[in-house]
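Trainee: Could we walk through this model together? I would like to start with the space inside.

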Amino acid sequence: MKKLSNLTSQQTIISMLCPSGYFPLQKAETCIQTLQQWGYVVQVGKTIGLQNHYFAGTDEERLHDLQQALNDPHIQAIFCARGGYGLSRIIDQLDFTAFIQHPKWVIGFSDITILHARLQRLGFPSLHAPMANAFNDGGVEGASVQSLKAVLSGQPIHYCLAPHAFNRLGNVTAPLVGGNLTIIAHLIGSADSIDTTNKILVMEDVGEYLYNVDRMLIQLKRAGMLQNLAGLLVGGFTDMKDTTIPFGKTVEEIVREHVAEYNYPVAFHFPVSHGEPNLAVKLGVSYHLSVCENEVVLKEITESM
């Protein structure tokens, strides 16, 4: 996996754009101001505040905005203001030739999992992290946004978490991949299907029916994506829904059932989600994961270790 520089320069340019769902400019203002206060130069893309029904502009407008940012050698990071839906409509039209020559951090989660998957396939790390709305309503001082600030400034990731009754103990060192479960399942069979073999898989989701979580996990299992993991981090499953006749299991019970036959470490309630907390993690880089009876530790592997 190729390495990217930390965003420590006062002249670091961050491009903020919306490659998927519509996001109003006024809701991005606190995020823009905060990034500027952190010392970054924010270049606001044309798709911030642009609307075409559900999307942040037409497919062509979103494609052009993102392609410009990928191509620009002066931009060090692309900050996706919102996820939603829409990247899979344009991902195969994107050209990463210039990006490969001048790579940059791509920041976001949810539908941005599609971009993360493409970058992992190309051999580049990316940042699964809070987006613009997380900065609103006092979120700037919260753990999620502050974790993003720390990672952008070059602080290695080292999270210590409380245990969960369903955790499976173990220690492993491996690269981290994944993101939104719906998108992970959506990518199966495509060129960007995520290679999970000997990887630590992280997954989260929002607003899904419990039976659909069960179905997506079966899809991952049938595609061979759960059998050979190095480890599993089960993030937040926010605003889950149930059918009139209850499904009969919680999300945690559903996941535990589908990975019961394997031996790798599993940690539940890992703090990535559509809610709070949603801590920043680098995808495509290696970590040491330790799941013990009294704590869970995820520690980024650095050159000095």
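Trainee: What volume does the largest cavity have?

Mentor: Happy to help, and keep in mind that this is a predicted model. The count comes to 1 cavity of 30 Å³ or more. The largest cavity has a volume of about 40 Å³.

Trainee: How many residues of the lining of the largest cavity are charged?

Mentor: Let's look at who lines the cavity: Ser 5, Asn 6, Leu 7, Trp 105, Leu 127, Val 151, Leu 152 and Lys 282. Of these residues, 5 are nonpolar and 2 are polar. That leaves the charged group, with a count of 1.

Trainee: Thanks! Moving to the open sheet of 7 strands, which strands stand at the edges?

Mentor: The strand order is 6-13-12-7-8-9-10, and the pairing is mixed. The twist averages 25° from one strand to the next. Each edge strand has a single partner strand, so one side of it is left without a neighbour in the sheet. The edges are strand 6 (158-161) and strand 10 (266-268).

Trainee: Which residue is the bridge partner of Val 291?

Mentor: Strand 12 (residues 286-291) pairs with strand 13 (residues 296-300) in the antiparallel sense, over 5 bridges. The partner to look for is in strand 13. Val 291 is bridged to Val 296.

Trainee: One last residue: is Asn 263 buried or exposed?

Mentor: Asn 263 sits in the loop between helix 8 (251-259) and strand 10. Its C-alpha atom is 8.1 Å from that of Arg 168, although the two residues are 95 residues apart along the chain. Because the relative accessibility of Asn 263 is 71% and the cut-off is over 50%, Asn 263 counts as exposed.

Terms used: Residues numbered from 1 in each chain as written. Predicted model: local features only at pLDDT ≥ 70, side-chain atom pairs only at ≥ 80, totals over all residues. Heavy atoms only, no water. Pairing = 2+ DSSP bridges. Helix = DSSP H or I, 4+ residues; strand = E, 2+ residues; numbered from the N terminus. Axes fitted to C-alpha atoms, helices over the stretch in contact; angles between N-to-C directions. 1 Å grid on protein atoms, 1.4 Å probe; cavity = no way out; pocket = protein on both sides within 12 Å on 5 of 7 lines; lining within 4 Å. Points joined across faces, edges and corners; volume = space filled by probe spheres on them. Nonpolar A, V, L, I, M, F, W, Y, C, P; charged D, E, K, R; others polar. Buried < 20%, exposed > 50% of the residue type's maximum accessible area, 1.4 Å probe, protein only.
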